[in-house]
2 protein chains.
Amino acid sequence: MKRELPHTLPTLTGGAKDIGPLADLVSVQLRRVDVLLTRGFFAVAKAMNVRSSLIACLGLIAANPGISQQEIALQIGSDKSIITSLVADLEERGWAERKRAARDNRRYELKATLEGEAMLAEFARHIRDIETTMLADIAPEELQTLAALLQRMHQSCMTALSETEKG
Amino acid sequence: MKRELPHTLPTLTGGAKDIGPLADLVSVQLRRVDVLLTRGFFAVAKAMNVRSSLIACLGLIAANPGISQQEIALQIGSDKSIITSLVADLEERGWAERKRAARDNRRYELKATLEGEAMLAEFARHIRDIETTMLADIAPEELQTLAALLQRMHQSCMTALSETEKG
DNA sequence: CAAAAATAGTTGAACTCTTCAACTAATGCC
DNA sequence: GGCATTAGTTGAAGAGTTCAACTATTTTTG
């Protein structure tokens, strides 16, 4: 039996430390929480014996049937060669299928299987449980506010990035 | 000159995709934004020729003079062996110093040099600029609300984790 | 229409980062 | 004094990423 959590947990020695002169940066604040929440994500992934990137990949496929590997790579922000191995893995596990696109024989059209969908649902359920525990002190309305804000932040970032790209 | 951004940018093919059945998870929403914001962080780190973890390490040292490598490892959530190489790197660059603790000759007491502090300040300035651009659509009050909420979320996560640990 | 350019996907090599176990040295405890 | 614990170092093994080269297919274009 391996360790359940990917990192040694911060043991809060002497309470929370000052995290330094970068503490007022949004990206630092965000990451600080993300690191903790992601522990849960990794723990579940490990318990279910999958790479966490596999989940992200399958999630995209389930939500966008017919998506190509190239599009997944762009969406996830990784190299297409990585998607090759992820999709192969998904296929072996019977969670996704790929068939050549009718109109373009280079592309694969990916879709999730029923088993894949079920697996995603189970995964999501576990994560939800962990998040409920971890965010016990935060009111549901606050989480809704957060979700809406994060949504707009994502949009704002994407806009800025795409302008940088062409500019 | 290498690429400025660590990943190929999502090219928004056909607008934002549905990210799937995990979309309502807080950790997924958070990570989605974090990934984008972190691009800026990595870009600056690369431009200044440092590993981003080096910055995190130096930030902790600057904020907590006399901190030990062990404590840094706990705080960052990585293995102590990694801190060894990070601190060695910081020392070579003249950004931090280590001397043995008077009361405990096993520990190092780390502190940032003036150059280290200056470097951190410059780094923070660059990130702030990027964040300003990326989050142009978000009002300052909203970012303050976010910061406060993230602060409480972090606290809530830490509490939950420490209970899991002893329970 | 044929040649050239671009796109989807695969493969493998180099690189980085992380994890883990083994080791030294110093401290604390009975 | 002997034994367990803690701080730090080192190196090997493993996972993940980047990158370039390659095949096959489509699109562009002269």
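Chain A holds six helices and two strands. The model is predicted. Chains A and B meet through 66 residues on each chain, and 23 residues surround each of DNA strand C and DNA strand D.

**Fold of chain A**

- Read from the N terminus, the elements of chain A follow the order α-α-α-α-β-β-α-α.
- Chain A has 167 residues, of which 37% count as buried.
- Take the contacts in chain A between residues at least 6 apart in sequence: 50% of them join residues at least 24 apart.

**Relation of the two copies**

- A turn of 180° with a shift of 0.0 Å along the axis lays chain A on chain B, and the RMSD is 0.0 Å.
- The two copies are therefore related as by a two-fold rotation axis.
- Both copies use the same surface, since 100% of the contact residues of chain A recur in chain B.

**Contact between chains A and B**

- In the contact between the chains, 66 residues of chain A touch 66 residues of chain B.
- On the side of chain A that touches chain B, two or more residues come from each of α1 (26–47), α2 (52–63), α3, α5 (114–134) and α6 (140–166) of chain A.
- The element that gives the most to this side of chain A is α6(A), with 16 residues.
- By class, this side of chain A has 36 nonpolar, 18 polar and 12 charged residues.

**Nonpolar core**

- The largest nonpolar core has 89 residues.
- The members that touch the most other members of this core are A:C57, A:L58 and A:I61, along with B:C57, B:L58 and B:I61.
- Leaving out residues up to four places away in sequence, A:I61 touches A:I67, A:A96, A:L110, A:K111 and A:A112.
- In soluble globular proteins, nonpolar side chains tend to be buried together.

**Surface near DNA strand C**

- Of the 23 residues that surround DNA strand C, the closest are A:Q69, A:Q70, A:S81, A:T84 and B:N105.
- At least two residues of the surface near DNA strand C come from each of α3 (69–76) of chain A, α4 of chain A and α4 of chain B.
- With four residues, α4(A) supplies the largest share of the surface near DNA strand C.
- The surface near DNA strand C is made up of four nonpolar, 10 polar and nine charged residues.

**Surface near DNA strand D**

- Around DNA strand D there are 23 residues, and the closest are A:N105, B:Q69, B:Q70, B:S81 and B:T84.
- Elements that give two or more residues to the surface near DNA strand D are α4 (80–92) of chain A, α3 (69–76) of chain B and α4 (80–92) of chain B.
- The most residues on the surface near DNA strand D, four, come from α4(B).
- Sorted by class, the surface near DNA strand D has nine charged, 10 polar and four nonpolar residues.

**Residue B:H126**

- B:H126 lies in helix α5 (residues 114–134) of chain B.
- B:H126 counts as partly exposed because 17 other C-beta atoms lie within 10 Å, whereas a buried residue needs 20 or more and an exposed one has 12 or fewer.
- From C-alpha to C-alpha, B:H126 and B:I67 are 26 Å apart in space, and they are 59 residues apart in sequence.

Methods:
Residues numbered from 1 in each chain as written. Chains lettered and ligands numbered in written order. Predicted model: local features only at pLDDT ≥ 70, side-chain atom pairs only at ≥ 80, totals over all residues. Near = placed C-beta within 6 Å. Nonpolar A, V, L, I, M, F, W, Y, C, P; charged D, E, K, R; others polar. Core = buried A, V, L, I, M, F, W, Y, C linked by C-beta atoms within 7 Å. Contact = placed C-beta atoms within 7 Å. Least-squares fit on C-alpha atoms with pLDDT ≥ 70 in both.
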